[in-house]
Amino acid sequence: MTLHKVMPFKLLSVFLCCLLMFSAQAAEREQPKLGHTLTAISKSVPAPDFTLEDMDGKKFSLKDYRGKVVLLNFWATWCPPCRREMPSMERLYEKFKGKNFVVLALNQMEDVDQVFTYTGELQVTPAFPILFDKDSNVSRAYSVLGLPTTYLIDKEGNIRFRAIGGRDFDHPEVQKLILRLMQE
Amino acid sequence: MPTKIINSQLLAIFCLCLLHTQVQAAEVTVQKSNASGLLTWTSKDNGFSIQLIQLLPDFVRAVYDKHGLPADEVERIAAYCDFGTIIQNTSQQQLSYRVSDWRYIDKNGKAYPVKTKAQWLEEWRKAGIVFAWTLLPGNGDFGIGDWQQGFTTIQIDRNEKFDLVYTWTLDGKKHQGKIENMSCAPANLSTSSITK
């Protein structure tokens, strides 16, 4: 293959990469501000149990967290609001570290390499478990229609609050809500 | 005399309708990206905000190719007039929407239903595709502060303008919005559109 044939391909690839970056940046610029309101579930329902693996193949089951408040987040690396809210989840997790609270982030239909690359780009790598819902079976059990969707589960294993779309999870109002559930 | 009264009443109704249409049109803003020349329509009305961003076919191809869809399915969705869509509950009440109630109206005034995520997923399922994300969810019950985003697909000639009529329900009352004179992203990003 001559250099002339290779160059247009390379140029086209660079152009498309730039275009994707522009589009992604534009999309993120136009995103709504992250709020902090969570919707109370009028009739709390038991959170469906699941067992999923993390990046190292370690298994995690929701039932193991009975007695703790769980922030259950459904996300993907390609989803701009998921990326925006994740640092706030890490700050929240650190804030309540050692208390009866945990964050579980359920990645949708991606592989370890994709998630590993993404977490490597973050200023602070999430310390909470990132689990792989490879066929989205768990998201279906929770009737998740779009990403991100987040549920707040009480110590008894009931879904109490829900957020559709990105949130600022370490906002004082959200912290207050979690404290309230921890004290129940 | 009765004819004159009826005419006056009709004129008053017409003026009110005209005024109402103008108010709705004033709610829509159109922005052009300096970087790409692509257009974004934004409308905020009665607790509901909708934003539609033109998507280039190459961008759509890249997204679905990355998610492992077969080439023919990638081409099929890229051939639609695709928009990145962000919808938001800006009210302090519960809000719901159903894409199956939304319509686009072509230049001849004919209305067509907007293809829903469920319809796409059914077609993808038949093609053996399990991927189920990126498209705007076909319906939603939004609490305060909830929002959602995803692709909206319109099946229309890329060069044809159209109007989008969308609906939502707030506190049990159904509302309708309209964005007029929408257009698809060009098939390719020309140099002129980047430098404009």
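Is B:N181 buried or exposed? In this predicted model, B:N181 is exposed, because 12 other C-beta atoms lie within 10 Å, and a residue with 12 or fewer counts as exposed.

**View 1. Surroundings of B:N181 in strand β11 of chain B.** The close-up is centred on B:N181, which belongs to β11(B), residues 173–182. With 12 other C-beta atoms within 10 Å, B:N181 is exposed. B:F48 lies 133 residues away along the chain, and the C-alpha atoms of B:N181 and B:F48 are separated by 20 Å.

**View 2. Open sheet of five strands in chain B.** The strand order is β1-β2-β3-β4-β9, and the pairing is antiparallel. Strands β1 and β9 (147–154) of chain B each have a single partner strand and stand at the edges, so one side of each is left without a neighbour in the sheet. From one strand to the next, the twist averages 20°. Strands of a sheet pair through backbone hydrogen bonds, either parallel or antiparallel.

**View 3. Hairpin of β1(B) and β2(B).** Strand β1(B), residues 28–32, pairs with β2(B), residues 39–45, through five bridges in the antiparallel sense. Within this pairing, B:T29 has B:T42 of β2(B) as its bridge partner. Six residues lie between the two strands, and B:G37 in the turn adopts a positive phi of about 80°.

**View 4. Strand β3(B) and its pairing with β2(B) and β4(B).** Six bridges join β2(B) to β3(B), residues 48–54, in the antiparallel sense. These strands form a hairpin with two residues between them, where B:N46 takes a positive phi near 50°. The bridge partner of B:D45 in β3(B) is B:F48, the residue whose C-alpha atom is separated by 20 Å from that of B:N181. Strand β3(B) also runs antiparallel to β4(B), residues 81–89, to which seven bridges join it. In that pairing, B:Q54 is matched with B:F83 of β4(B).

**View 5. Packing of helices α2(B) and α3(B).** Helix α2(B), residues 57–66, packs against helix α3(B), residues 71–78, at an angle of about 145°, and their axes are 9 Å apart. The crossing of the two helices is right-handed. B:P57, B:V60, B:R61, B:Y64 and B:D65 of α2(B) make the contact with B:V74, B:I77 and B:A78 of α3(B). By class, the contact comprises six nonpolar residues, two charged and no polar ones.

**View 6. Nonpolar core around A:A105.** Chain A contains five helices and eight strands, in the sequence pattern α-β-β-β-β-α-β-α-β-α-β-β-α. Of its 184 residues, 33% are buried. The largest nonpolar core has 85 residues, and A:V70, A:V103, A:L104 and A:A105 are those with the most contacts inside it. When neighbours within four places in sequence are left aside, A:A105 is in contact with A:N73, A:W75, A:M89, A:P126, A:F128, A:I130 and A:L131. Among contacts in chain A with a separation of 6 or more, 80% join residues 24 or more positions apart.

**View 7. Contact between chains A and B.** Chain A gives 26 residues to the contact and chain B gives 28. On the side of chain A, α1 (3–29) and β8 (158–164) are the elements that give two or more residues. Helix α1(A) provides the largest share of that side, seven residues. The residues of chain A that touch chain B divide into 14 nonpolar, nine polar and three charged.

Notes:
Residues are numbered from 1 along each chain as its sequence is written. Chains are lettered from A and ligands numbered from 1 in the order in which they are written. This is a predicted model: local features need pLDDT of at least 70, side-chain atom pairs count only at pLDDT 80 or more; totals for chains, interfaces and linings use all residues. Helices (H or I, at least four residues) and strands (E, at least two) are DSSP runs, numbered from the N terminus. A residue is buried if 20 or more other C-beta atoms lie within 10 Å of its own, exposed if 12 or fewer, and partly exposed in between; C-beta atoms are placed from the backbone. Two residues are in contact if their C-beta atoms, placed from the backbone, lie within 7 Å. Axes are lines fitted to C-alpha atoms, for helices over the stretch in contact, and angles run from 0 to 180 degrees between N-to-C directions. A crossing is left-handed if the near helix is turned anticlockwise from the far one by less than a right angle, and right-handed if clockwise. Ala, Val, Leu, Ile, Met, Phe, Trp, Tyr, Cys and Pro count as nonpolar, Asp, Glu, Lys and Arg as charged, and the others, Gly among them, as polar. Two strands pair if DSSP finds at least two bridges between them. A nonpolar core is a set of buried Ala, Val, Leu, Ile, Met, Phe, Trp, Tyr and Cys residues joined through C-beta atoms within 7 Å.
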